[in-house]
Amino acid sequence: MVSEIAALIPAFNCSATVGAVVAGVLQHVPLVLVVDDGSSDDTAWQARQAGAHVLRLEENRGKGEAVRTGLPWLLAGPWTHILMLDADGQHDPNDIPGFLALAHEYDLIVGNRLHTPQAIPGKRFWTNYIGTRALSLMTGFPLEDSQCGFRLVRAAVLRRMELIGRRYSVDTEILVRAGRMRVPFAHVPVRVIYNGQVSHFRPLADTVHIVFSAVPFKVDERVRRWDPGPEFFRPLAQALPVLPPVSGGSTG
């Protein structure tokens with residue numbers, strides 16, 4: 001287990017999968033924050049039972065706001081890196097060691113699913129491929145899978161970003177802003193898991209939104225010149241009603 005890395009998992013109606021995801025992640029990092037994005041099921045309870053801290057939003061606001069709401073709580077802490085992944089079971093916690101092995105060398109490490117294109121539904125592969133080519137030009141990174149939300153980011157880099165992205169565009173925003181900062185970047189191969197889970201990603205509509213949303217991220221000035229440090233985020237973190245794991249749940 002790597003003690004200086006924490007995980008952020010946005011979740012919406014993932015009660016059937018979030019517990020196993022949290023338990024798997026806690027085998028590799030000491031703390032998991034699940035942001036329950038207004039779920040109508042017991043996602044929050046399942047996450048807490050599995051050992052996660054949970055921040056529950058009263059209504060569904062989309063992945064971007066879930067990430068932006070939860071991040072200050074982690075950025076105010078002692079963590080050197082933030083691991084990001086989804087709660088729907090399409091990211092395998094057993095792939096985490098590949099990220100951790102590169103953590104001291106790179107500031108941004110993104111999972112790459114496209115090394116096994118035959119395992120990805122055709123529409124999702126081609127929309128991802130096209131979006132990745134476009135975003136490679138915008139970021140300056142040799143991207144292989146721009147839409148993979150499974151990633152590890154140095155906390156000092158995230159603290160310099162004033163994120164505004166909505167829905168899945170927040171993943172693109174992090175790539176664009178990191179590219180502007182010229183941080184050390186790498187990919188790591190990850191498994192492709194499509195076993196009938198319900199995904200809230202709309203391949204065509206969300207890919208178009210992601211690519212076009214990258215334009216304002218590219219030209220605006222929402223990157224701080226330096227890392228303001230954890231203390232900058234502590235007032236925001238203290239105001240968040242984060243619930244601890246249920247007593248007796250997994251702690252990794």
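**Group meeting: contacts, a pocket and a few helices**

Setting aside neighbours within four places in sequence, R68 touches L163, I164 and G165. I start there, and I should say at once that this is a predicted model. R68 sits in helix α3. From R68 to L163 there are 95 residues in sequence, yet their C-alpha atoms are 6.7 Å apart in space. Is R68 buried, exposed or partly exposed? Its relative accessibility is 25%, so R68 counts as partly exposed, given that buried means under 20% and exposed over 50%.

R68 and L163 also turn up together in the lining of the second largest pocket. That pocket holds about 160 Å³ of space. Besides R68 and L163, its lining takes in L71, P72, L75, L158, R159, M161, E162, R224 and F233. Which helix gives the most to this lining? That is α3, residues 63–75, with four residues. By character, the lining residues split into seven nonpolar and four charged, with no polar ones.

F233 takes us from the pocket to helix α9. This helix covers residues 230–238, and its buried residues are P230, F233 and A237. Viewed down the axis of α9, those buried residues lie within an arc of 70°, so they line one face of the helix. What do they pack against? The buried residues of α9 pack against α3. On the face of α9 turned away from the buried side are the exposed residues P235 and Q238. To put the two helices together: α3 is the main helical contributor to the pocket lining, with four residues, and α3 is also what the buried side of α9 packs against.

Next, α1. Of its eight residues, six are buried, so this helix is mostly covered. The buried ones are V18, G19, V21, V22, G24 and V25. Their packing partners are β1, β2 (31–37), α2 (43–49), β4 and α4 (96–100).

β4 is on that list of partners, and it leads to the strands. β4, residues 81–84, runs antiparallel to β6, residues 151–154, and four bridges join them. Which residue of β6 stands opposite L83? It is L152. β6 also pairs with β5, residues 108–112, again in the antiparallel sense, over three bridges. In that pairing, V110 has R151 of β6 as its bridge partner. β6 therefore has β4 as one partner and β5 as another, by the bridge criterion of at least two bridges between strands.

Last, two backbone points, both in loops. N13 has phi near 50°, a positive value in a residue that is not glycine. Where is N13? It is in the loop between β1, residues 5–11, and α1, residues 18–25. N13 is partly exposed, at a relative accessible area of 31%. The other residue is R182, also not a glycine, with a positive phi of about 60°. R182 lies in the loop that connects α7 (169–181) and β7 (185–189). How accessible is R182? Its relative accessibility is 75%, so R182 counts as exposed.

For anyone with the model open, a place to begin is R68 with its contacts L163, I164 and G165. From there, the pocket lining leads on to F233, which is among the buried residues of α9.

Technical notes. Residues numbered from 1 in each chain as written. Predicted model: local features only at pLDDT ≥ 70, side-chain atom pairs only at ≥ 80, totals over all residues. Heavy atoms only, no water. 1 Å grid on protein atoms, 1.4 Å probe; cavity = no way out; pocket = protein on both sides within 12 Å on 5 of 7 lines; lining within 4 Å. Points joined across faces, edges and corners; volume = space filled by probe spheres on them. Nonpolar A, V, L, I, M, F, W, Y, C, P; charged D, E, K, R; others polar. Buried < 20%, exposed > 50% of the residue type's maximum accessible area, 1.4 Å probe, protein only. Arc of directions from axis to C-beta. Contact = heavy atoms within 4.5 Å.
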